[in-house]
Amino acid sequence: MTELDSTQVLIIGAGLMGSAAAHQLAARGTEVAVVERDTAPSEHGSSHGSARIFRYAYPDPFYTGLVDQARARFSELERLAGQQLITPGGALDFGARRDPRQLAGVLDEVGIEHELLPAAVAAERWPGINFDTDVLWQPGGGVIDAESTVLAQLRLATEAGARVHEHWEAASVRRDGTGYVVTSTTGDTIRAAQVVVAAGAWLSKLLAETDLPSAFVDRLPRPVVTQENAYHFAYRDPADPGEPTPGSATSWPTFIHKSEHILTYSLPGGRDADFRGQKLAEFLGGTPIADGSAQTGTIDPANRERIIEYVREQVPGLVPQPYAETTCLFTMLPEEDFLLDAAEGLVIASPCSGHGAKFAPLIGEFIAELVAGAAAHPRFAVTSPAWTAAR
């Protein structure tokens, strides 16, 4: 057993949220170390690749308001990093169960630019997509480069003094006097006054080996981890492909379609799709697994066929045969909410639920405030009504 380090704050997990917390804490002068079970960002986690949706539309004004704040934080991160992390292109929402009119009312309330378009008008603007309801257009939407965001946040953190240990998988977090000892799967240890657990799909596994107050543990919601399927479909129009120059827009918008039968999302795939196609997937169309270590990386053939048929019927602007496919991990909490709370020097962070990426820099601030002793936001605390209802 080797004691590698000691630090004021140790962050477990160098994905979007862990790296955001590292940047925020280091920038505030806090001594920080980060451990990552793989490389950062891990291709086996939830923060890799170049394509995540940035959009404002939520049925809950609370989250739409947070997106507005997060966009300002992303702009500041882009300035500090000297690179573009969100490529503009706009976002669409449609489908009977998506309720574009209700979403438009939320955007009105929060003050977000948008248009509510009849299906026929939307079809003229975006002829590659078949619309079955009115369509909500958000020109401020776009595509987040998740991998570049992680690397930018870690670079800024290390420049401010943070230390990053890759290929260091935490196995347990145990009390040691007034602080904690975090032990790796190989027996190495790091001592820390405070610990941030941002382990994504490995959260439940690690919390089982973490010394937390029983009253806190009893209130924790149980994450459900799923292995999801995602596909890349080529554009039919040869004018569509191509890497956008910095500041230019993507050739297609992102979209979320929630019909009576299926919930899908799609976005320009960026580097992940060689800049020649859309990433498209069924939301929560995957398979529940115990935790991240149980993933197989194997595509569900029935899901593939369902999505191919969907593209054939709903997205005629794409070639209805995927030229690439992959799996990814979702860590879902009740009501698709986030968990951000602390107890006795331990911060538990699971701001995921399939839609967390767009909030990353803002979540980093929230985590830094918890480390500093601030109370958790009631919506994200273990006492949240969402968790109580789920239990």
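# Charges and rings

Guide: In this predicted model, Arg71 sits over the face of Phe54, 5.7 Å from the ring centre.

Visitor: What makes Arg71 count as lying over the face of Phe54?

Guide: The Arg CZ must be within 6 Å of the ring centre and within 35 degrees of the ring normal. Arg71 is at 5.7 Å from the centre of Phe54 and lies over its face, so it counts. Arg276 is placed over the face of Tyr323, at 3.8 Å from the ring centre.

Visitor: How many aromatic pairs does the whole structure hold?

Guide: The search finds 17 aromatic pairs.

Visitor: Why is the pair of Tyr63 and Phe359 called stacked, tilted or edge-to-face?

Guide: Tilted. The ring centres are 5.9 Å apart, and the cut-off for a pair is 6.5 Å. The planes meet at 55 degrees. Stacked needs under 30 degrees and edge-to-face over 60, so the pair is tilted.

Visitor: What parts does that pair tie together?

Guide: Tyr63 belongs to helix α2 (residues 61-81). Phe359 is in the loop between β20 (346-350) and α9 (360-371). The pair therefore ties together parts that are 296 residues apart in sequence.

Visitor: How do you know whether Tyr63 and Phe359 are buried or exposed?

Guide: Buried means under 20% relative accessible area. Tyr63 has 4%, so it counts as buried. Phe359 has 0%, so it counts as buried. Both residues also belong to a cluster that ring pairs link: Tyr58, Phe62, Tyr63, Phe338, Phe359, Phe366 and Phe380.

Visitor: Why is the pair of Phe94 and Phe131 called stacked, tilted or edge-to-face?

Guide: Edge-to-face. The centres lie 4.9 Å apart and the planes are at 75 degrees. The cut-off is over 60 degrees, so the name follows. Phe94 lies in strand β5 (residues 91-94), and Phe131 in the loop between α4 (119-125) and β7 (135-138). Phe94 is buried at 0% relative accessibility. Phe131, at 13%, counts as buried.

Visitor: How many salt bridges are there, and what makes Glu31 and Arg163 one of them?

Guide: The structure has 20 salt bridges. Glu31 and Arg163 have their closest N and O atoms 3.6 Å apart. The limit is within 4 Å, so they qualify. Glu31 sits in the loop between α1 (16-27) and β2 (32-35), Arg163 in strand β9 (residues 163-165), so the pair ties together parts that are 132 residues apart in sequence. Glu31 is partly exposed at 37%. Arg163 is partly exposed at 27%.

Visitor: What makes Glu365 and Arg73 a salt bridge?

Guide: Their closest N and O atoms are 2.8 Å apart. That is within 4 Å, so the pair counts. Glu365 is in helix α9 and Arg73 in helix α2, so parts 292 residues apart in sequence are tied together.

Visitor: Why do Glu365 and Arg73 fall where they do, buried or partly exposed?

Guide: The cut-off for buried is under 20%. Glu365 is at 16%, so it is buried. Arg73 is at 26%, so it counts as partly exposed.

Visitor: How do you know that Arg175 forms a salt bridge with Glu344?

Guide: The closest N and O atoms are 2.2 Å apart, and the limit is within 4 Å. Arg175 lies in strand β10 (residues 170-176), and Glu344 in the loop between β19 (339-343) and β20. The pair thus ties together parts that are 169 residues apart in sequence.

Visitor: Which residues do shared partners join into one network?

Guide: Asp60, Asp337 and Arg379, through salt bridges that share partners.

Methods: Residues are numbered from 1 along each chain as its sequence is written. This is a predicted model: local features need pLDDT of at least 70, side-chain atom pairs count only at pLDDT 80 or more; totals for chains, interfaces and linings use all residues. Side-chain values use heavy atoms; hydrogens and water are left out. Rings of Phe, Tyr and Trp (its six-membered ring) pair if their centres lie within 6.5 Å; planes under 30 degrees apart count as stacked, over 60 as edge-to-face and the rest as tilted. Helices (H or I, at least four residues) and strands (E, at least two) are DSSP runs, numbered from the N terminus. Buried means under 20% relative accessible area, exposed over 50%, partly exposed in between (1.4 Å probe, protein chains only). A salt bridge is a side-chain nitrogen of Lys or Arg within 4 Å of a carboxyl oxygen of Asp or Glu.
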